[in-house]
Amino acid sequence: MKAKTLTVSAALGVGLGTLLFPAAALAVTTVSPATTPVGGTVVLTTSCNPNSGDAIFRVTGPDRDQNVRSTTAAAGGGLSAELFTAGFTLGTYTVAATCGDGTDAGSATFTVTPIGGAPAGDGGT
């Protein structure tokens with residue numbers, strides 16, 4: 001019997017959290033693929049509601065601090081943008097998104113690797 005009480009309490013807590021903080025329930029940002037070669041394309045996606053305005057993706061890393069604005073609806077809902085990594089330095093980049101209504105939409109990371117996938121500095125002897 002206690003298990004049912006716990007399940008109901010947890011469900012009520014999640015439901016109440018969704019009602020009080022609906023944007024927090026949607027705060028999801030993803031990147032795909034998580035690893036791409038220099039000159040590749042990374043798709044940035046956030047679950048921001050397109051009706052709240054454009055999403056802003058802030059990309060930071062070894063040689064970047066730039067914003068990418070998205071007005072493109074993602075296939076599964078939310079907003080997405082494509083980021084071309086031509087000219088990027090090898091390393092890990094963080095993408096932090098903000099919804100059009102100012103809500104934080106979370107963050108994700110991706111890594112830029114050398115063309116051909118060889119590790120940096122592995123030139124042999």
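# A tour that starts at Asp 65

Begin by selecting Asp 65, which at 54% relative accessibility counts as exposed, since the cut-off for that word is over 50%. Please keep in mind throughout the tour that this is a predicted model.

**First stop: the salt bridges**

With Asp 65 still selected, add Arg 58, and you will find that the two form a salt bridge in which the closest N and O atoms are 2.9 Å apart. Arg 58 itself counts as partly exposed, with a relative accessibility of 42%.

How many salt bridges does a search of the whole structure find? The search finds three, and the pair you have just selected is one of them.

For another, select Asp 54 and Arg 69, whose side chains meet in a salt bridge with an N to O distance of 3.3 Å. Asp 54 lies in the loop between β3 (41–46) and β4 (55–61), while Arg 69 belongs to strand β5 (residues 64–70), so this pair ties together parts that are 15 residues apart in sequence. If you display the surface here, Asp 54 is partly exposed, with a relative accessible area of 29%, whereas Arg 69, at 57%, counts as exposed.

Next, select Asp 63 and Arg 64, which also form a salt bridge, with the closest N and O atoms 3.6 Å apart. In this pair Arg 64 is partly exposed at 23% relative accessible area, and Asp 63 is likewise counted as partly exposed, at 32%.

**Second stop: the β4–β5 hairpin**

Now colour β4 and β5, which form a hairpin with two residues between them. The two strands pair in the antiparallel sense over seven bridges, and if you pick out Val 59 you will see that it stands opposite Gln 66 in β5.

**Third stop: the open sheet**

Select β1, β3, β7 and β6 together, for these four strands form an open sheet in the order β1-β3-β7-β6, with antiparallel pairing. Which strands lie at the edges of this sheet? The edge strands are β1 (29–32) and β6 (72–73), each of which pairs on one side only.

Inside the sheet, follow β3 beside strand β7 (residues 79–84), where the two pair in the antiparallel sense over six bridges. A useful residue to select here is Val 43, which is found in strand β3 and whose bridge partner in β7 is Glu 82. Leaving aside its neighbours within four places in sequence, Val 43 is in contact with Thr 30, Val 31, Ser 32, Ser 80, Ala 81 and Glu 82. Is Val 43 buried or partly exposed? With a relative accessible area of 30%, Val 43 is partly exposed.

If you now draw a distance from the C-alpha atom of Val 43 to that of Leu 83, the viewer should give 6.3 Å, although the two residues are 40 apart along the chain.

**Fourth stop: the nonpolar core**

Keep Leu 83 selected, because it is among the residues with the most contacts inside the largest nonpolar core, together with Val 31, Leu 44, Phe 57, Val 59, Val 95 and Phe 110; this core has 20 residues. Strands β3, β4, β7, β8 (91–98) and β9 (104–113) each supply at least two residues of the core, and the largest share, four residues, comes from β9.

To see the surroundings of Leu 83, show what it touches beyond four places in sequence: the list consists of Gly 40, Thr 41, Val 42, Leu 44, Val 59, Gln 66, Val 68, Phe 88 and Phe 110.

**Fifth stop: a cis peptide bond**

Move to Ser 32 and Pro 33, which are joined by a cis peptide bond with omega at about 0°. In general, most peptide bonds are trans. Pro 33 has its place in the loop between β1 and β2 (35–37).

**Last stop: the whole chain**

Finally, clear the selection and look at the chain from end to end, where there are two helices and nine strands, following the pattern α-α-β-β-β-β-β-β-β-β-β when read along the sequence. Of its 125 residues, 26% count as buried, and the chain exposes about 7400 Å², with carbon and sulfur atoms supplying 60% of that area. Among the contacts in the chain with a separation of 6 or more, residues 24 or more positions apart account for 58%.

Note on methods:
Residues numbered from 1 in each chain as written. Predicted model: local features only at pLDDT ≥ 70, side-chain atom pairs only at ≥ 80, totals over all residues. Heavy atoms only, no water. Salt bridge = Lys/Arg side-chain N within 4 Å of Asp/Glu carboxyl O. Buried < 20%, exposed > 50% of the residue type's maximum accessible area, 1.4 Å probe, protein only. Pairing = 2+ DSSP bridges. Core = buried A, V, L, I, M, F, W, Y, C linked by side-chain atoms within 4.5 Å. Contact = heavy atoms within 4.5 Å. Areas by Shrake-Rupley, 256 points an atom, 1.4 Å probe, with all protein chains shown as cover.
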